[in-house]
Amino acid sequence: MHVGHLLAALQARRLADAHAGQCLLRVEDIDQRAQNPAFLQLMYEDLRWLGLSFDGEVMVQTRRFDEYRRVLGLLRSMGLLYPCFCTRTEIRNQLAEMGRAPHATLGYLYPGTCRCLPPDVVEEKLQAGLPHSWRLDMQRVQDLVGCPLWHDMHRGTQRCEPVAYGDVVLARKDFPASYHLAVVIDDAAQGVTHVTRGEDLFESTHIHRALQAVLGLPVPQYCHHALLRDNAGKRLAKRDGARSIASLREAGYTPRQVLESLHEALQRGGIWQV
């Protein structure tokens, strides 16, 4: 864990306590890099060292592949999914030719190349075992559910316009769920009423609201908190060498000092200093 993870955990615990609720721990390990048992052990050790506790049973996403496949099958039966055989390079080249600007949060919007492939061509490619992903047809989603609303505890009522987010990937040939699909299904399964997470996922919540509408699932309230940044305003992230909890512990910091420094960072608008 790094300090950004810690902030997310603290915000979740505080929100649950403020509502006399439960704070749930979910291991979102559908990313293959997160499936290393040593990785999970280190995470649990960090949480114990910091004194952070959670309620109820821990949900582990890699144990729920059958449920993800079931929901994917449902979406396919509704005519809302289609296979996409494009590589990322091909998509980038297509967008460059179109002169389309990348989406600030979601990377890029898929131009719909495979959306209207003839059925016989699709079947031929599938039978040939070509690598593919399964995309959600957002135009059909919007035709079906319109533009559903959701509530952010900081920004108020939000209106989701599904087509604005492109046909997102919900699964790949050898992996049964994307982040978008898994968290929506899991939030409903765990009875989640409030979700707190970083503001970098604000746009993704629109996608999740569209899926909730299609699947008839409950809609939590959302709280998108500010991200930790350095003195130059750069977001702290693990890939940028942000301080890990383990490194702070090894440097002699106590759990109280780490938590206090995080509280001070929030008072400074998210600027982290140690």
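These are my notebook entries on helices, strands and single residues that I looked up in this predicted model.

**Entry: helix H8**

I started with H8, which covers residues 202-215. H8 counts 14 residues, and its first and last C-alpha atoms lie 20 Å apart, close to the 20 Å expected at 1.5 Å a residue. I then checked how covered H8 is, and found 12 of its 14 residues buried. Among them are Phe202, Ser204, Thr205, His206 and Ile207. The buried set also includes Arg209, Ala210 and Gln212. Just after H8 I noted glycine 216, which has a positive phi of about 65°.

**Entry: histidine 208**

Next I picked one residue of H8, histidine 208. Is histidine 208 buried or exposed? Its relative accessibility is 1%, and buried means under 20%, so histidine 208 counts as buried. I listed what histidine 208 touches, leaving out residues up to four places away in sequence: Tyr179, His180, Val183, Val184, Arg197 and Tyr222.

**Entry: H3 against H8**

I looked up how H8 packs with H3, the helix of residues 65-77. The angle between H3 and H8 is about 75°, and their axes are 11 Å apart. Angles of 65 to 115 degrees count as roughly perpendicular, and H3 and H8 are therefore roughly perpendicular to each other. On the H3 side I found Val71, Leu74 and Leu75, which meet Leu211, Val214 and Leu215 of H8. By class, the contact of H3 with H8 has six nonpolar residues, no polar ones and no charged ones.

**Entry: H3 against H7**

H3 also packs with H7, residues 179-189, at an angle of about 105° and with the axes 10 Å apart. That angle makes H3 roughly perpendicular to H7. From H3, the residues in this contact are Glu67, Tyr68, Val71, Leu72 and Leu75. From H7, they are Leu181, Ala182, Ile185 and Asp186. I sorted the contact of H3 with H7 by class and got seven nonpolar, no polar and two charged residues.

**Entry: H1 against H10**

I turned to H1, residues 3-18, which packs with H10 at about 85°, the axes being 11 Å apart. That makes H1 roughly perpendicular to H10. H1 brings Val3, Leu6, Leu7, Leu10, Gln11 and Arg14 to the contact, and H10 brings Val258, Leu259, Leu262, His263 and Leu266. The contact of H1 with H10 divides into eight nonpolar, two polar and one charged residues.

**Entry: threonine 254**

Where does threonine 254 sit? I found threonine 254 in the loop between H9 (245-250) and H10 (255-267). Its relative accessible area is 34%, so threonine 254 is partly exposed. I also looked up a distance: the C-alpha atoms of threonine 254 and histidine 194 are 30 Å apart, with their positions 60 residues apart along the chain counted as a separation.

**Entry: the three-stranded sheet**

I moved on to the strands. Strands of a sheet pair through backbone hydrogen bonds, either parallel or antiparallel. Here I found an open sheet of three strands in the order E3-E4-E7, with antiparallel pairing. E3 (81-84) and E7 (169-172) are the edge strands, each pairing on one side only. From one strand to the next the twist averages 30°. E3 and E4 (residues 133-136) run antiparallel and are joined by four bridges. Which residue is the bridge partner of proline 83 in E4? The partner is tryptophan 134.

**Entry: the E5-E6 hairpin**

E5 (residues 149-152) pairs with E6 (residues 156-159) in the antiparallel sense, over four bridges. I noted that E5 and E6 form a hairpin with three residues between them. One of the bridges sets aspartate 152 opposite its partner in E6, glycine 156.

**Entry: histidine 154**

The loop between E5 and E6 holds histidine 154. Its relative accessible area is 56%, so histidine 154 is exposed. Not counting residues up to four places away in sequence, histidine 154 touches Cys223 and His224. I last looked up its distance to glutamine 139: the two residues are 15 residues apart along the chain, and their C-alpha atoms are separated by 29 Å.

Conventions. Residues numbered from 1 in each chain as written. Predicted model: local features only at pLDDT ≥ 70, side-chain atom pairs only at ≥ 80, totals over all residues. Heavy atoms only, no water. Axes fitted to C-alpha atoms, helices over the stretch in contact; angles between N-to-C directions. Helix = DSSP H or I, 4+ residues; strand = E, 2+ residues; numbered from the N terminus. Parallel < 35°, antiparallel > 145°, perpendicular 65-115°, else oblique. Contact = heavy atoms within 4.5 Å. Nonpolar A, V, L, I, M, F, W, Y, C, P; charged D, E, K, R; others polar. Buried < 20%, exposed > 50% of the residue type's maximum accessible area, 1.4 Å probe, protein only. Pairing = 2+ DSSP bridges. Expected span 1.5 Å × (residues − 1).
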